[in-house]
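Hi,

Here is the structure I promised to pass on. Have a look at it first, and then read my notes underneath.

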Protein chains: 2
Amino acid sequence: MATRQQKKIQTRNTLIKAVLDLVDEGGSFSSISIREITKQAGVVPTSFYRHFESTDQLGLNIVDEIGITLRKIIRSARQADFSGHRMMQESVDLFFDFVQGHKEQFRFMEQGRAGGSRAIRNAVRNELRFFSRELMSDLERLKLIPDMSSADLEMISDLVITTVHSRIIDYLDDADNPIRQQELRHKVVKQLRILFMGTSLWRT
Amino acid sequence: MATRQQKKIQTRNTLIKAVLDLVDEGGSFSSISIREITKQAGVVPTSFYRHFESTDQLGLNIVDEIGITLRKIIRSARQADFSGHRMMQESVDLFFDFVQGHKEQFRFMEQGRAGGSRAIRNAVRNELRFFSRELMSDLERLKLIPDMSSADLEMISDLVITTVHSRIIDYLDDADNPIRQQELRHKVVKQLRILFMGTSLWRT
DNA sequence: AATATAAGAGTACAACTGTACACTGAAATT
DNA sequence: AATTTCAGTGTACAGTTGTACTCTTATATT
């Protein structure tokens, strides 16, 4: 049998998973009760407090997990080392494949960004900013956008991330319509192309 | 005194306003109860059902009101008839002034888009699509983007709307920091400039 | 003037909520 | 081997929830 510490971590993960499952089933994080969570996790209500002092605290931990997923996306993209004219399509596909593979996390992120508590909104914002900064450093490193100040590069990275992440909800809501999902990916690619073309004409 | 019909409409509006007030105070629509709403509205809980069969129904009515606000934005922009190199800045300012003036509505919209019920998410999506289509027809009418197919124009309008509306939450969360709000407006203007520059190089 | 209508008030209740408290038993420490 | 620790259980309770029901009374209809 496992050690006490291991078992605790296990239950903790079960609680987090319970929330993500409930969100995936269509629930809204802000209206999920401690009792629903513990029921879903197969644990008694009061046990919750052995791990989190509030649902909000649990939510912040989920945001941390989302951060990990975002880092995985970045790592994958760097390893794949896309190049040439298919680079854009391949990057977008990589991103949405991750969204598909972690739909509960991304649904939670979008919910939290707009409708969570102040703390959760800020946490999500931070993760997105981090993601944007990583993109920025890749744009710099690979010299994908020559002759650009740091401030402008930051602004452009931000625009790219916004363009992509704004479509997450629409993408997930089309889960039963793969054709529309495909079109959506395609649309995003076009939008990013436009945007990158714009950078070549940009002068601060 | 007012007629029975007028009084009914009045209470109905009070209920809607109650929800928007609660959202403005930091509440999440999905977790607001009928009793909270009626309490805020100064009306007995059971009265709620004389007007709406569920909170979701009330929410859909709020989305309709948001639609009206969006139409006002469009009308204002057309009347103002911005032109020249300040056009972009003036349009963005117009938009964010409206956001400022209807913060409860816009907060509700962002919450609903990501965390509402399926019905509410779809309703919000529809309003945003409408908004995007109106922009598209203006781009066409004013020939702001020459030599562009309808499909591409639609895709570009969508990108513009996304870029602007994605910043609503960030903007409202900086309510206590007007300098940051100003910077945010400025950033959006730059992003739109890049994007429009991109369109001039675009070939399907 | 007599009657019908219907918006809002009041009452009631079962289901659910967060959380305080004492308990259990297996794992960790001594 | 004896003791301590502590994750998870069980019980309890006051507050909140949605909603069915009846009642009131001002307005509308006749």
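Below are my notes on the protein interface and on the two DNA strands.

Some housekeeping: this is a predicted model, so keep in mind that local features need pLDDT of at least 70 and side-chain atom pairs count only at pLDDT 80 or more, while totals for chains, interfaces and linings use all residues. Residues are numbered from 1 along each chain as its sequence is written, chains are lettered from A and ligands numbered from 1 in the order in which they are written, and side-chain values use heavy atoms, with hydrogens and water left out.

**Chain A against chain B**

The contact (heavy atoms within 4.5 Å) draws 36 residues from chain A and 36 residues from chain B. About 3,500 Å² is buried between the two chains, and carbon and sulfur atoms give 56% of that; buried area here is the accessible area (1.4 Å probe) that two parts lose on being put together, summed over both. On the chain A side, A:Asp173, A:Ile194 and A:Trp202 lose the most area to chain B, together 17% of what that side buries.

There is plenty for you to look at in the electrostatics. The rule finds 12 salt bridges across this interface, where a salt bridge is a side-chain nitrogen of Lys or Arg within 4 Å of a carboxyl oxygen of Asp or Glu. One of them joins A:Asp170 to B:Arg113, with the closest N and O atoms 3.5 Å apart. Polar contacts come to 24 residue pairs between the chains, both residues at pLDDT 80 or more. For those, the rule is a pair of N or O atoms within 3.5 Å; within protein, one must be able to donate a hydrogen and the other to accept it, and residues adjacent in sequence count only if both atoms are side-chain atoms.

Which element gives the most to the side of chain A that touches chain B? That would be helix 9 of chain A, with 11 residues. (Helices are DSSP runs of H or I, at least four residues, numbered from the N terminus.) By class, that side of chain A divides into 10 nonpolar, 12 polar and 14 charged residues. Nonpolar means Ala, Val, Leu, Ile, Met, Phe, Trp, Tyr, Cys and Pro, charged means Asp, Glu, Lys and Arg, and the others, Gly among them, are polar.

**DNA strand D**

There are 20 residues around strand D, and A:Thr11, A:Arg50, A:His51, B:Arg35 and B:Tyr49 come nearest; a residue is near a strand if one of its heavy atoms lies within 4 Å of it. A polar side-chain atom of A:His51 sits 2.6 Å from a phosphate oxygen of this strand, and a backbone N or O atom of A:Val44 is 3.1 Å from a phosphate oxygen. On the base side, an N or O atom in the side chain of B:Arg35 is 2.3 Å from a base nitrogen of strand D. Helix 1 of chain A gives the most to this surface, with four residues.

**DNA strand C**

Around strand C there are 21 residues, with A:Arg35, A:Tyr49, B:Thr11, B:Arg50 and B:His51 coming nearest. The side chain of B:His51 has an N or O atom 2.6 Å from a phosphate oxygen of strand C, and a backbone N or O atom of B:Val44 lies 3.0 Å from a phosphate oxygen. B:Arg4 places a polar side-chain atom 2.9 Å from a base oxygen. Helix 1 of chain B gives the most here, with four residues.

Cheers

Methods
Helix = DSSP H or I, 4+ residues; strand = E, 2+ residues; numbered from the N terminus.
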